[in-house]
Amino acid sequence: MRRKRNVAIVMVGMILILLLAVAGCSQKEGSKSGDDGQGTAKLEGTLTIAGSTSVQPFSEVLAEKFQEKNPGVKVNVQGGGSSQGVEATISGAADIGAVSRDLSDEEKNRAKLTVTPIAIDGVAIVVNPANQVSGLKTEDVKNIYLGNIKNWKEIGGIDAPITVVSREDGSGTRDAFTNIVMNKEDIVKSAIIQNSTGAVKTTVAGDKNAIGYVSMSKVGKDIKALDIDGNQAIEANVKSGTYKLQRPFIYITKDNPQGLAKAFIDFVLSPEGQNIIVEEGAFKIK
Amino acid sequence: MGAVSIKDRFIYGLFYLSGLIIVGILVSIIGYVIARGVLVLNLEFILESPRHAGSAGGIFPTIISTLYLTLLALVIAVPIGVGAAVYLEEYALSSSKFAWLVNLTAETLAGIPSIIFGLFGFVFLVIFLGMGWSILSGGITLAIMILPTITRTAQEAILTLPPEYRENSLALGASKWQTIRKVILPFALPGIVTGVILSIGRAVGETAALILTAGSSLGMPQSLFDPARTMSVHLYMLAMEGISLERAFGTAFVVVVLILIINYLANLSLRRLSR
Amino acid sequence: MELITKPGLSNCEKKNRSLIVAENRHRRVDVEKLIEKTLLLSAAVFVLIIALITIFIFAKGLPLFSKIGLGDFLFSNQWNPTKGFFGIGTMFIGTLLVTMGAMLWSVPIGLSSAIFMAEIAPPRIGKTLGQLVNLLAGIPSVVYGFVGLIVIVPFIRESFGGNGMSLLAGAIILGIMILPTIINISRDSLLAVPNDYKSSSLALGATHFQTIRYVIVPAARSGIITSVVLGMGRAIGETMAVVMVTGNSAMIPTSILAPIRTMTSNIVLEMGYASGDHQTALFATGMVLFLLIVGLNLIINRLAKAGTDDGRG
């Protein structure tokens, strides 16, 4: 019995030591950044950004750079989705909400929200690199997603059934796609639904008969972006407006941005911030 | 004992086969994760902070966050969970409405999908109680999620106590609480440890509920009120947002190795205790 | 569930014993009372949590029914939130099918491996297997989902055609995920069967297999049923992995190779970006899921009780 108790005490002790060690580690880190803060920066405090997972990687890189410039500042970047971002901004849990679609009327009515577009993102129609089709008309894409065109041979491909891949209802990317390509008509029910860019990418990269749509910034070697109506999915065409599939990334704040939130948004809109956005694959707002 | 018939042999064969299937599944999944993850792995990956949204650098803060959240959840859930089990098994009358209700709610809690805990944690802890996305919100949510496991395994363990033990202790003049502390709990310890291991597994692996309650901020948490991103959430973000599938598997590798270590330690302590 | 009844110690005896103890130890009574109260509070936490979850989920979900009828919500196969159609019929069926599919293979394999580990395998191998199963339980859903997406989905696509994201893929992955729950709990309850039962049966001339079948398994029935129910609960509630491999089309599947959407998938898929009625509808989906699990537990609770009564009567 005594022996058992000893073991129990040792175990509890180990856990406590581990806890302390962990606490010590992070505290050290904390005080270090505090010391550095006395140097160049005037800004101090914590800023929380929450919302769209499409905007999150951009916000994270922007936050990293912003924290390097202002060592007294800690920026927390949360995902959760556009709606969670709006919810959190209204409730005050977040200082800035990140949204990858236009605000709904209901959201606009709930509180006085200030909208600041920070970037433009193109939406690419993508297929497997093995697919011999390299371009489609908007009308064809629409008919594929309506379920009217079911086989690649109808539009110049091989004889194989098309696997239609779409995003979930409410996604900013889907919102842009249904508004611009589908004219708000319903996407065929048998479409595979994935709730993230990465999952759509993986699905299309793995299935040589699949078609999907993702943020242009995420097109890589494993998926191929199609020309739409003869326009390549590139920045110049997005900016000139000949490539119509695009949507804004926006930051929202309760009332007008102030203090830290304002400093951060100013940084994002500065040439340096906009360059970071371009490096990450989206396009400048102006 | 009679001779083993052909039919029995066949059935034995089936039992062996099912054991083999389990091993096969485990080996192929772990093997796959390790084979893909080991390529990214080095000391910097474990000890450095992530850079560039996680596509460069390491995963150190996510390891610390995972530890914090898991420990907090256990600190909250183990006393309550074991306490509830002891109450149900040793104090409550089995016919009482209250015991029936607690058992039913415990079962219900065990069946509730993690996404619902996430929604609840978000609405109640993060927004309603104003805890924000934090280790605290995440830890409490996790504690709620692992409570049923801890209680149930403790209950099952207490149930297996031969009645003589309890009777002898009471007959020797020990009070009820002394009997529980000196006889029942030590006897039930292996069962409790099993519950804790299962819970750690769930805590380390949880994603849906933690994104909504602990948040997904990549920084190093400095207090209970800071948001945090666990390894599993990091893995999910890396993979689902297409940031880096490679690093996602690297992270998965670390998670799996951590689970291996936890299991090893738990088994070690179990062996010591049962000696 | 027969978790509370203890063989050999009736409620009456319990009461008497506490009374005797109380009489003998006047001074200790206060401490003992305090401890009992504390433990009672621990148990009450469960009820409190369920009450809170119910209140908050219902408060968010119920307002939907002021806009659309309950029947339309439950039985309509039209899910088109942007146009105001909120019918979760297809997802209800999706959840049912994928759960059944998973249990179809994982319950037999899980139970037979539990029996293997507890009764047939040499103790060392049984223990090692147990540790491996705990490991299986520790692998995050996301990892299962990704392994499913990268290994099982392409395998189905290549071998059987279609996209591979399907009911079948979901059933395979889910089955793997609920195995540890089924195995661990049923094995523990098999191991807990007193050795006397086994040796008496063997002494009476029963074979090892007959002993397992007619003595040990029936004695461990409570734990085995619990393990299956918990496994079922996990299957119904699993989200991340299912979302990744089932394709999530909101329609009734025409074959096991067709994509499906479950209720949990519906929530996790759309919650991030839903607002207004759409969000309310997702909370309402959560409500239905919640009620389903409560109902299931009630039914099983009754069944298990009835089962033991028959067995003993």
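**Entry 1: spans in chains C and B**

I began with residues 85–111 of chain C, whose end C-alpha atoms lie 42 Å apart, and I noted 85% helix and 7% strand for this span. I kept in mind that I was looking at a predicted model. I had picked the span from UniProt, where an unreviewed entry lists it under "transmembrane region", along with others in chain C, including residues 240–260. I looked up residues 240–260 of chain C next, and found 29% helix, 0% strand and end C-alpha atoms 14 Å apart.

Then I turned to chain B. Its unreviewed UniProt entry also lists spans as "transmembrane region", among them residues 12–39 and 122–147. For residues 12–39 of chain B I wrote down 93% helix, 0% strand and 41 Å between the end C-alpha atoms. For residues 122–147 of chain B the values are 77% helix, 0% strand and 19 Å from end to end, C-alpha to C-alpha.

**Entry 2: salt bridges**

How many salt bridges does a search of the whole structure find? I got 19 over all chains.

I zoomed in on A:Lys142 and A:Glu185, whose side chains meet at 2.9 Å, N to O. This pair links distant parts of the chain, 43 residues apart: A:Lys142 is in helix α5 of chain A, and A:Glu185 is in the loop between α6 and β7. Is A:Lys142 buried or exposed? A:Lys142 counts as buried because its relative accessibility is 12%, and the cut-off for buried is under 20%. A:Glu185 is partly exposed, at 36%.

Next I looked up C:Lys83, which forms a salt bridge with A:Asp186, with 2.9 Å between the closest N and O atoms. C:Lys83 sits in the loop between β1 and β2 of chain C and A:Asp186 in the loop between α6 and β7 of chain A, so this pair joins two chains. Both ends are partly exposed: I read 43% for C:Lys83 and 39% for A:Asp186.

My next stop was A:Lys239 and A:Glu235, a salt bridge of 3.4 Å, N to O. They are about one helical turn apart, because four residues separate them in helix α8 of chain A. I also noted a network of salt bridges that links A:Glu87, A:Arg110 and C:Lys60.

**Entry 3: aromatic rings**

I searched the whole structure for aromatic pairs and found 21 over all chains. One of them is B:Tyr165 with B:Phe187, an edge-to-face pair with 5.9 Å between centres and 75° between the planes. The two rings come from distant parts of the chain: B:Tyr165 is in helix α7 and B:Phe187 in helix α8 of chain B, 22 residues apart. B:Tyr165 is partly exposed at 42% relative accessible area, and B:Phe187 is partly exposed at 31%.

In chain A, I followed ring pairs that link A:Phe66, A:Tyr251, A:Phe264 and A:Phe267 into a cluster. Back in chain B, which residue lies over the face of B:Tyr91? I found B:Lys176 there, 4.6 Å from the ring centre.

**Entry 4: at the surface**

I ended with nonpolar side chains. B:Phe10, B:Leu14, B:Leu17, B:Leu20 and B:Ile21 make a nonpolar surface patch of about 490 Å². Of these I checked B:Leu14, which lies in helix α1 of chain B and is partly exposed at 44%.

My last residue was C:Phe75, in helix α3 of chain C. C:Phe75 is exposed because its relative accessible area is 68%, and exposed means over 50%. From C:Phe75 to C:Ala241 I noted 166 residues in sequence and 26 Å in space, C-alpha to C-alpha.

How values were computed:
Residues are numbered from 1 along each chain as its sequence is written. Chains are lettered from A and ligands numbered from 1 in the order in which they are written. This is a predicted model: local features need pLDDT of at least 70, side-chain atom pairs count only at pLDDT 80 or more; totals for chains, interfaces and linings use all residues. Side-chain values use heavy atoms; hydrogens and water are left out. Rings of Phe, Tyr and Trp (its six-membered ring) pair if their centres lie within 6.5 Å; planes under 30 degrees apart count as stacked, over 60 as edge-to-face and the rest as tilted. Buried means under 20% relative accessible area, exposed over 50%, partly exposed in between (1.4 Å probe, protein chains only). A charge sits over a ring if NZ of Lys or CZ of Arg is within 6 Å of the ring centre and within 35 degrees of the ring normal. Patches are made of residues with over 30% relative accessible area and no salt bridge: like charges are joined within 9 Å, nonpolar side chains (Val, Leu, Ile, Met, Phe, Trp, Tyr) within 5 Å. Accessible areas come from the Shrake-Rupley method with a 1.4 Å probe; for residues, only the protein chains shown count as cover. A salt bridge is a side-chain nitrogen of Lys or Arg within 4 Å of a carboxyl oxygen of Asp or Glu. UniProt positions are given in the numbering used here, feature names are shortened, and annotations may be inferred rather than shown by experiment.
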